[in-house]
Every structure is written in C-alpha cells, then in structure tokens.
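This briefing is for a reader who has not seen the structure before. It goes through selected helices, their contacts and a few single residues.

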Amino acid sequence: MTRECAVLLPGVCAALADPRQPGLDDTCLEKLLDWFRSLTWFDPTVELVQDNPCLTELVTSVLALLDPSPGILSFTLQLAGILASSESRFQHLQQEKLLGRLFGPEGPRDSAAWEEASVRSAWVKGVHSMLHHQPALHFLCSTGGMDVIFTLQGDPSLFVASAASQLLVHMLTFSLESETSKALSAKDCDWPACAQMIVKHIEESLQSSSASHIEQSLKLLSSLFGSCFGSCYAAWTEVLWLNIAKQIESFLLEETVQAQPVLANLLLNVARSPVFCGTEGSFWALVTSALEHLTPVQAGPLAVGLLKLCKCPQDVRIQALTVLLQPMDCILRAASQPLECAGLLDESVSDPVTVESLLSSKTSCAGLLCQTLAHLEKLLSLKHLRVDLPCVSLLRSLMTILQFCNGLLSPTSPLGSTISRNLINCFRVQKSALDVLAALSEKKDCDTLIGSLFDVLLAYLQSPNTSPTVLKKTFQATSKWLVHLQELSSSNSQWQQTEKILEDVFVVLQKRLCSPCWEVRDSSLEFLTSMVKCLRDQKEFRQCLLSSEVLRLTENLLEDPESYVRASAVTAVGHLAPITCFAPDSPVIGNQYNKESIIAKLQEILSTDSEGFPRRAVISIFTKWLREGCTGQLEDTEQFVSRVIQTVEHDLDWEVRLGGVELVEVFCSQTIGQLSQCPYAPVSSAVTSSTPQNELLQVFCRAKLFGFLFGSLCDCDKPVGQRACDVLVGLRGHFYPMSTLENPQEVEDSPAGHGIAWLQKTLRQGSLAQNFPMDGGGGVDFQDPESMMLALGAIDLLELHDELNKSSDHVEESPQSLLQDILATVGTIEDNEVDCY
C-alpha cells in the first residue's frame, strides 16, 4: 500500500462505519474490495492489518451498530474474509475476537439482517475468501458453519445457492490437499473431517425423500466432478463414485424422480474424469442405461457430450449417436409408407414409440427437432469425429424436414401427416435444418442427392411464404452447396447441371433484389457477395452473372432508402468490380459499368451519404481494391488515395476515419515496395542512395498523407490516433533505419524548425488540440518533403505511441483516486454519484 493511500484509508473507513453517512454506490464498494484482494494476494503478512488499525476498527464499528445497513454489513463480511485469507492475518483477527462475531453463531446468521439475500451471499463469499489455510477450515467446522452452508444450498436466491455449492466444492477439494499421497481403495478410505461431513451430507441427501435435497446433492456432485477434483484426485473420485453409483442407478430406473436432466449432466462430468478412461467397468454400463432410460430431450446433451470425448468406448459412442439420429430416422420413416429408401438406423436405443409420440405432439415436436439439429451441427463442426455419420440418409432426412415445413411433401402415413401439420411454417425448425444442411456441404459423399437438394433450396428461395430470416439461412446454405457443386463439376464434368442450377439461382436472385422487404434485399446482396468471393473464377458463374440483370439491380440499390441495404450494395459492387470493369478483358461494355463511373459513385456515397454504414462499406472496399492492385498505375493510385483521405478526414464517424488510416497504411506499404531499389541492380556512381527516399517522400507529400496522419494523431477517438501513430512509426523506421534522430540543434536552426516545434507541442496536447490545421497552419508545410523528413526524425513518435496506448483512465483507476472519490462523495445527501472506475 502506498503512503498516500495509507493516509486516506482511515478517513474512508470512518466514513463507511458512520451510520449517518449515505450508503456508497455498490460498484464503488466492489472496487474497494478488488483493491484489498490484490493487496492481500501479493502480501500474505500480518502487517497490512497491524499497520492499518482502521481496518479492524471498521469491522468493530459495524458490529457495534444496532441495525447496520445490508450494504455495509455485506461489505464488512467480504472484507473480513479477504483479510483472513492468510493464516497470520486470520490469527490476528481471531485474537481481536472478530471472526466469530462475523462468521460464527453470534454473527448475522441469526439476526434480521440474514433475511437479506445480499448479506447471505456476502457471508458465503467471505467464508470462501478465508478458506485458504487449515485453521480457517477448522474454525468453520467447529462453529456450525457447515450446517449453514448445507442449508444455503437450497436458498431461494439462485445466486446464494450457487455460491454455497461452489464453496462446498472448494472446501472438499481443499480439505483433501494434504491427503493426496495416501493410497486409497473402496474398502479403505479415511476422509478428512471436513470432507467426511460433506460426503456424509451428500449420501444422506441422496437417500432422503425430499426431491429438492436430492436435486441439490446431484447438482453439487455434478459441480464436484466437473471441477479440478475429478481430474486431480483420482483415487478419492473413485471412492466417492463407488459410494453413490447404486443410488444414481436407482434414480435412472425410478420414474418418480424428477432430476433426470441433472443426472445426465452428472454422468457426463464423471465421464470426463481420468478415472474412467478404461472401457471396462460398471460406469459405462450405467451410461448406457442412462441413454436408454432418459427421454430423448434429456439424453441429447449427454449423447453429444459423449461423442466429443476421445476416451469413450466405441459401443457407447455408437449408442450415443443412435440417440441423436433417432428423431431424424423417425422423420425419414414417416415420410413414406412403405419405406422407399433405407432409414438412418438399423435399431433404436430406446423405444421408437417415445420419439414418435414427441414428434406427434404440437408442443414437443419443434423443441425435440431443434435440439437434435443443434447437436448434429456441433458434431459436424468437429474436425475429428470418432464415429461415422450416415451423411446421405441424414441429408435426405433434412430435406424431408424442410419439405414438411413448407408443405411441399404430402406423406401417406398417419404419423407423417401429423408431423407435417406440426411443422408447417415452423421457422425455428427451418433455420436449424438449414444450418445443418450448410454444415453437410463439407462432406464429400452426398453428391447423388445434389439435384434434389437444389430443388428444395430453390423452392425456399422462390416461395413468397419464406420468412426473411429463413431466406437468409437458405441463401447461406445455397452459397455453401454452390461451392461444393463447383468442386464436383470440375472433377466430374457435370457443367450442364451446374449451369442450369446457376441460371435458376440468378432468376430467383433478380426477383429477391426487387423485394419490398429491405431485409430480403439486404440478404440477397450478401448472398451475391458470397457467391462472387467463392465462384468468381468459375466460367459458368461469370456467364450467368453477366447475362442477368443482377449487375444493374445491384447498382440501383446503391440508392436504396435503407442504409443497411446501401452498405451491402456497396460491398457487392466492390466485389463485382474486378469482374465487370477492372479486368483488362472485361466483357461488359458501356459507360454504365466503367471503372471511373463506379469509383465516382462510391466516392459520392463516401462524401454525401447521411448514414455511417454505407460510408464504412465504401472505405473498406477502397482499401480492398488498393490491396488487390485494382486502382491502376502509381500516379492514378496517388490521386485516388489523396481524394479519399481529403474526404474522410472530416467524417463524423470514427470508423470511417480509421478506415482512411488503414487505406493510407496499405498505400504506404505498396509504394515503398514499388519504389524500393532492387538490391541486385547495378547502380551508377551518379545515383545516390537517397533518390528512392526522395521520390517516396514526394509521392507521400503530393498525396497529402502527412497532414492526414499527423492530424489523426489528435483524433478524439483513440483507435484512429493509435493506428495513425503505428503508420508514422513504420515510416520513421523506413526513413531512419538506424534510429538516428536528427541533431536537435540542426532541426532548430532549419527553416522548418519553428513549425516542427509547434507540431511537437500540438501533438503533446493530443485530442485537446482542436481543429488540427492540416493545410500548413502553425508554420508546418505538410507537403514539403524536407520538412516531413525532419518531422519524422525529430518528433518522438515512440513516446507518443506509448501515451496513446495508455488506458484513458490510467490515472483515475488508481486506488488513491478511488479513495479520494469516496471521501469526496460521503456526506452528499443528493446525487450520490461516484466517479469510480
């Protein structure tokens, strides 16, 4: 603790203990506790409380109050727990007889204050902070604290109940730390006293007739096995599991027990423990039983969790996959009667009637399918899935679901008719199915169904009943499958099928680009951009694009009334331009699509659009073009960049200004690369090494880069200044590779010396330098190469870089500032606001 803080602390403690003072803001008290946590973490000695007796005086004063406010009592409980986290400070507080009055029987747990959830929560947090040494553990066990924690497990406040459960996990783990070297077996276990109390409580609760007590203990066990206990205390884990396994098994078989979801989570956490890595043993038999007896909704999370485990036995893994595929199998079998193609499964894990009844119910059908589809999407995203997915049948099942949802399939079976009625226009299921459909595009063995698949996708794209959100998902899935189709046609010469599909897609796209719904126009443009990114080199795609009305419609949407659509149109036009008008052999003829026209339109949006989204899109596209070399020769690019930065330097949107700095960064990098001399070229004695440097400086000055960059250093939005400083530091490193700064006296004596001194002073003001003059104000000529060379050498850009990267509240965040804020605030009756970090 600094001397300044030590001076302020007594006044703060006195104010906190004074009942006449208004309560401080909760955030302020939390920050104060954070500070004490950091102090005690780095210094476990007793000096903190000995040198600052005001801390114990604060606790004593609060305990002396007849009716302390819940806020200050909660703060005191947590502060005492933090201070007692080291053994020496714990003993000191015990000598002062404070801990018993806070955490013992004579503490607040038998007072009216205990009715406040915040006080109970603070008591638990204080105990948790304190329990880092054995004396604290013995203190708690000997003063009845364990019973309090067991009771708080069922607290009506979920925050308190959760904190109590976490505390018990911590206590059990901590109490075993000294016992890890003991050899244990199921017949010979000797739990430490505290651990024995917790284990006995768990076992008794599991055998009680109270459903809430059973659920609390199952949740506690789940947290316990899911924590480091399950992985670091293998022998104890095995002993604990063997003690409760029979009881867990009975819960699975008893239909009256309502804790099945917690059981599934418990079994999954136990399965992750290294104790059960072998394939032998009763544990995996219990897991198999769970997959059979839990409902499909309850078994789903367990199944997908097991499939992610690398050590799960193969037969259990197959069973888990079967659980997930069962609803999909039911859908496939219900679609046609008799079955026209093979289903997903040869046999089921649980009774198929259960799944059929869930899918037949209007209330449960969508929920079960959405959960199943979400799990399947997770599995498809895994790089290494240790079980084979039947992708073809799964794809057929997905297509069936989508056809049920939009009424395109009329099943003949009674079950199919019921499911179809349940799913008609069900947006949730449509979106989930399309997500899985998109993920399946990565698989290589679905080629036989690709024609039927695009029939389903096109039906969704064409239907006026497809909601905008479902349409967006359909576009995303279509884009992924078009990429797969491209790979397929290039290898199998199926270009005719590809061409037909692309033609159909472009017909639909033209219609959607004219939709009255702006969300549809927006997602149509995003789809077009996605296609261009993936398929721009494909001949069939380019032909379909250039022969359609899509280019004209996209350009028209640059003037759309909705800003999101204008932004998406800018992005689409930006990606189309390399195909339509930048390529030397571009087949597009006419003024409408020429390079100058497109650039002019986007520059007009950049300078006149009232919304930020389109302007951000333009600067992003300009930077993309520059990276890809689309802007022409160096002279053209120089003028282009100069016009752009003169437009964006006054933009009110900081992201647009930041985009301008990024554009300049790309331009600088490319120009340096183009003008740098080849190291192997012969150099005549008449050519000095400074020639490329002078040429570079002239290019940068003509483009007015330096005025823009130095002005950006004073931007009121720090990210802009930070990025500009990065660019200038990079330029300085290029022009001064040996880090040799100019002699200060030489700079001072030079004609530009006065201006550079002004510039240095202005930059030190940072964002306080309002209306930074980029046109030579202050005596600086930002277009003079010699002046800019001197400026790069003389100004300490690295120091400026450090300043810009400091947190804006690095002073205000200090503990000293916090204590000063508290002292300034206490005593204020109204507008009790704290300038607290």
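**Briefing on the predicted model**

N425 lies in the loop between α23 (414-423) and α24 (427-440). The model described here is a predicted one. Its chain holds 43 helices and zero strands. Of the 837 residues, 52% count as buried. Among the contacts in the chain with a separation of 6 or more, 72% are between residues 24 or more positions apart.

**Loop residues with positive phi**

- Most residues other than glycine have a negative phi.
- N425 is not a glycine, yet its phi is positive, at about 60°.
- With a relative accessible area of 44%, N425 is partly exposed, because the partly exposed class runs between 20% and 50%.
- K97 is likewise not a glycine and has a positive phi, of about 55°.
- The loop that holds K97 runs between α6 (87-95) and α7 (99-103).
- K97 has a relative accessible area of 61% and is therefore exposed, the cut-off for that class being over 50%.

**Helices α4 and α5**

- Helix α4 spans residues 54-64, and its buried residues are C54, L55, T56, L58, V59 and V62.
- The cover over these buried residues of α4 includes α1 (3-17), α2 (26-42), α3 (47-51), α5, α6 and α7.
- Helix α5 covers residues 70-83 and contains G71.
- G71 has a relative accessible area of 32%, so this residue is partly exposed.
- G71 and A122 are 51 residues apart along the chain, and their C-alpha atoms are separated by 9.6 Å.

**Helices α10 and α11**

- Helix α10 (residues 145-152) packs with helix α11 (residues 158-175) at an angle of about 135°, and their axes are 8 Å apart.
- At that angle α10 and α11 are oblique to each other, because only angles over 145 degrees count as roughly antiparallel.
- The two helices, α10 and α11, make a left-handed crossing.
- On the α10 side the contact is made by M146, I149, F150 and L152, and on the α11 side by V160, A161, A164, L167, L168 and M171.
- The contact of α10 with α11 has ten nonpolar residues, with no polar and no charged ones.

**Helix α21 and two partners**

- Helix α19 (residues 314-335) packs with helix α21 (residues 362-381) at about 125°, with the axes 10 Å apart.
- The angle makes α19 and α21 oblique to each other.
- The crossing in which α19 passes α21 is left-handed.
- From α19, the residues L321, L324, L325, P327, M328 and I331 meet L368, L369, T372, L373, H375, L376 and L379 of α21.
- By class, the contact of α19 with α21 has eleven nonpolar residues, two polar and no charged.
- The second partner is helix α20 (residues 352-360), whose axis comes within 5 Å of that of α21 and crosses it at roughly 110°.
- This angle makes α20 roughly perpendicular to α21, because that class takes in 65 to 115 degrees.
- V355, S357, L358, L359 and S360 of α20 meet K362, S364, C365, L368 and L369 of α21.
- The contact of α20 with α21 is made up of six nonpolar residues, three polar and one charged.
- L368 and L369 of α21 take part in the contact with α19 and also in the contact with α20.

**Helix α25 and residue T474**

- Helix α25 (residues 450-462) has 13 residues and reaches 18 Å from its first C-alpha to its last, close to the 18 Å expected at 1.5 Å a residue.
- Buried residues of α25 are I450, L453, F454, V456, L457, L458, A459, Y460 and L461.
- T474 belongs to helix α26, residues 468-492.
- The relative accessibility of T474 is 0%, so T474 counts as buried, since buried means under 20%.
- Apart from its neighbours within four places in sequence, T474 is in contact with L434, L457, Y460 and L461.
- Of these contacts of T474, L457, Y460 and L461 are among the buried residues of α25.

How values were computed:
Residues numbered from 1 in each chain as written. Predicted model: local features only at pLDDT ≥ 70, side-chain atom pairs only at ≥ 80, totals over all residues. Heavy atoms only, no water. Helix = DSSP H or I, 4+ residues; strand = E, 2+ residues; numbered from the N terminus. Expected span 1.5 Å × (residues − 1). Buried < 20%, exposed > 50% of the residue type's maximum accessible area, 1.4 Å probe, protein only. Axes fitted to C-alpha atoms, helices over the stretch in contact; angles between N-to-C directions. Parallel < 35°, antiparallel > 145°, perpendicular 65-115°, else oblique. Left-handed = near helix turned anticlockwise from the far one by under 90°. Contact = heavy atoms within 4.5 Å. Nonpolar A, V, L, I, M, F, W, Y, C, P; charged D, E, K, R; others polar.
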